[in-house]
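User: I am new to reading protein models and would like to learn how to go from single residues to helices. Could you take me through this one step by step?

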Amino acid sequence: MKLGQWMGLLALIASCYILWQIRQALLLLFAAIVLATALNKLARYLQKKFRLKRSIAVLCSISFLFLVFVGLFLIIVPPFALQFQQLTQRAPQGIARLNDWVDQIETRFSGQLGQRLPNLDVNDIMRQLQPLFNQLVGGAGAFVGNTLGVILSFLLVLVLTLMTLADPLSYRKAFIQLFPSFYRRRIEGILDECEIALGRWVIGALISMSVIAFLSLIGLSVLQVPLPLAHAVVAGFLNLIPNIGPTISVIPPMTIALLDTPLKSGLVLILYFLIQQFESNILTPYVMAQQVSLLPAVTLIAQVFFATFFGFLGLLLALPLTVVAQVWIREVLIKDILNQWDANPKRLAAIDSAIHEEYESIGVTQSRSENLPEHKPDISDDPENDANDVPGNQ
């Protein structure tokens with residue numbers, strides 16, 4: 001390798017290292033782009049539907065996002081705070097009932113069988129669990145620090161979203177300038193495809209969230225669990241987080257249902273299990289296949305890959321990252337490189353003939369060539385032109 005090639009290789013390695021070190025910032029930037037794409041799609045719809053100016057449509061879309069956040073806060077936070085207060089007040093009563101239940105078991109199974117049973121004392125159990133409680137309290141500072149980091153990251157995403165939404169063409173042109181001049185028009189078309197794919201993914205995600213929230217609302221209302229609307233909204237919103245979100249969403253309704261009877265809490269668990277089975281096996285594969293043509297296996301592999309290399313944020317953005325990666329692979333790798341691979345038509349005909357003979361030797365009568373389009377004569381098929389292609393003859 002020449003000196004210039006070694007310098008290029010070192011620059012490529014250094015660039016990959018720098019990108020890996022700032023991967024979390026790049027993921028936050030991508031999250032802002034996804035959110036800005038959704039708001040921009042809404043702004044364009046308002047422009048087309050109501051013939052509004054661009055600035056007014058953008059302001060309406062931002063106002064809609066703000067109202068959604070305020071509505072979620074009002075629906076979720078105050079009722080949950082009240083239920084948590086009631087839970088802390090009724091926790092001592094639950095411990096007392098547990099003591100009475102243990103005493104009844106000891107009284108009923110007295111004698112030899114009672115001697116074989118372990119001597120259960122809730123107070124001893126609580127004393128044994130005290131170090132665990134102290135450890136949890138000691139880790140409260142780290143939890144608050146992580147929560148503060150999440151809030152700051154969320155605010156950063158919002159700021160980047162607003163900046164991108166204010167003037168998207170400038171940022172788009174700056175990104176296109178990173179590519180060679182002969183390929184910039186092609187990159188612009190690829191970015192259009194990415195925007196369309198992300199918009200379809202957003203619509204599919206909203207459909208899945210709405211269906212999960214609706215089913216949760218109906219099920220919790222039938223079971224007469226308090227705050228069914230708040231629990232349903234949380235279940236729909238956490239459905240954006242694959243695998244982990246549905247598991248977290250079942251904890252609040254189970255805890256509140258436990259205040260009534262343990263049976264109701266178990267029924268809530270069964271309800272959420274059935275809903276998530278429907279969502280993961282039927283709803284999400286169908287919606288994503290219709291919107292962005294993502295295969296279920298590809299979706300699962302993408303979740304594992306991005307969660308392994310990028311952590312929780314990668315898991316959260318696994319599907320939109322996969323959608324964008326699918327567009328780039330299809331347009332650049334397949335269409336621009338593999339489909340344009342230089343091959344002599346005579347060589348293709350010779351390969352097809354060899355495959356045909358091999359199929360006939362094993363008893364297969366239909367050749368692959370029957371499924372291929374009819375080959376039209378081209379000027380490159382002329383032997384004289386093949387001779388002219390030899391460098392020595394030019």
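Analyst: Let us begin with one residue in a loop: Gln 224 is found between helix H8 (184-223) and helix H9 (228-238). Please keep in mind throughout that this is a predicted model.

User: What is the phi of Gln 224, and how should I read its sign?

Analyst: The general idea is that most residues other than glycine have a negative phi. In this model the phi of Gln 224 is near 60°, a positive value although the residue is not glycine. A second case is Arg 51, with a phi near 55°, and Arg 51 also sits in a loop, the one between H2 and helix H3 (54-108).

User: Are Gln 224 and Arg 51 buried or exposed?

Analyst: The cut-off for exposed is over 50% relative accessible area. Gln 224 counts as exposed because its relative accessibility is 62%, and Arg 51 is exposed as well, with a relative accessible area of 76%.

User: How much of the protein chain counts as buried, and what secondary structure does the chain have?

Analyst: Of the 394 residues in the protein chain, 26% count as buried, and the secondary structure comes to 16 helices and zero strands. To see how the chain folds back on itself, one can look at contacts between residues at least 6 apart in sequence, of which 63% join residues at least 24 apart.

User: Which residues does Leu 28 touch, and is Leu 28 buried or exposed?

Analyst: Leu 28, which lies in helix H2, is buried, because its relative accessible area of 15% falls under the 20% cut-off. Leaving aside residues up to four places away in sequence, Leu 28 touches Ser 153, Leu 156, Val 157 and Leu 313. Its C-alpha atom is separated by 9.5 Å from that of Leu 317, although these two residues are 289 apart along the chain.

User: How do helices H2 and H13 cross, and which residues meet there?

Analyst: The axes of helix H2 (residues 23-50) and helix H13 (residues 296-316) come within 10 Å and cross at roughly 35°, and the crossing is right-handed. From H2, the residues Arg 23, Gln 24, Leu 27 and Leu 28 meet Phe 309, Phe 310, Leu 313 and Gly 314 of H13. Sorted by type, the residues of this contact divide into five nonpolar, two polar and one charged.

User: Why can the buried residues of a helix lie on the same side, and which ones do so in H11?

Analyst: An α-helix has 3.6 residues a turn, so residues three or four places apart point the same way. In helix H11 (residues 251-258) the buried residues are Pro 253, Ile 256 and Ala 257. They cover an arc of only 100° around the axis, which puts them on the same side of H11.

User: What does Thr 322 touch, and where is this residue placed?

Analyst: Thr 322 has its place in helix H14 (residues 318-338) and is buried, with a relative accessible area of 8%. Not counting residues up to four places away in sequence, Thr 322 touches Leu 294, Val 298, Ala 302 and Phe 306.

User: How many disulfides does the structure hold, and how do Cys 60 and Cys 194 count in terms of burial?

Analyst: The structure holds zero disulfides. Cys 60 counts as partly exposed because its relative accessibility is 33%, whereas Cys 194, at 7%, counts as buried.

Terms used:
Residues numbered from 1 in each chain as written. Predicted model: local features only at pLDDT ≥ 70, side-chain atom pairs only at ≥ 80, totals over all residues. Heavy atoms only, no water. Buried < 20%, exposed > 50% of the residue type's maximum accessible area, 1.4 Å probe, protein only. Helix = DSSP H or I, 4+ residues; strand = E, 2+ residues; numbered from the N terminus. Arc of directions from axis to C-beta. Disulfide = S-S within 2.5 Å. Axes fitted to C-alpha atoms, helices over the stretch in contact; angles between N-to-C directions. Left-handed = near helix turned anticlockwise from the far one by under 90°. Contact = heavy atoms within 4.5 Å. Nonpolar A, V, L, I, M, F, W, Y, C, P; charged D, E, K, R; others polar.
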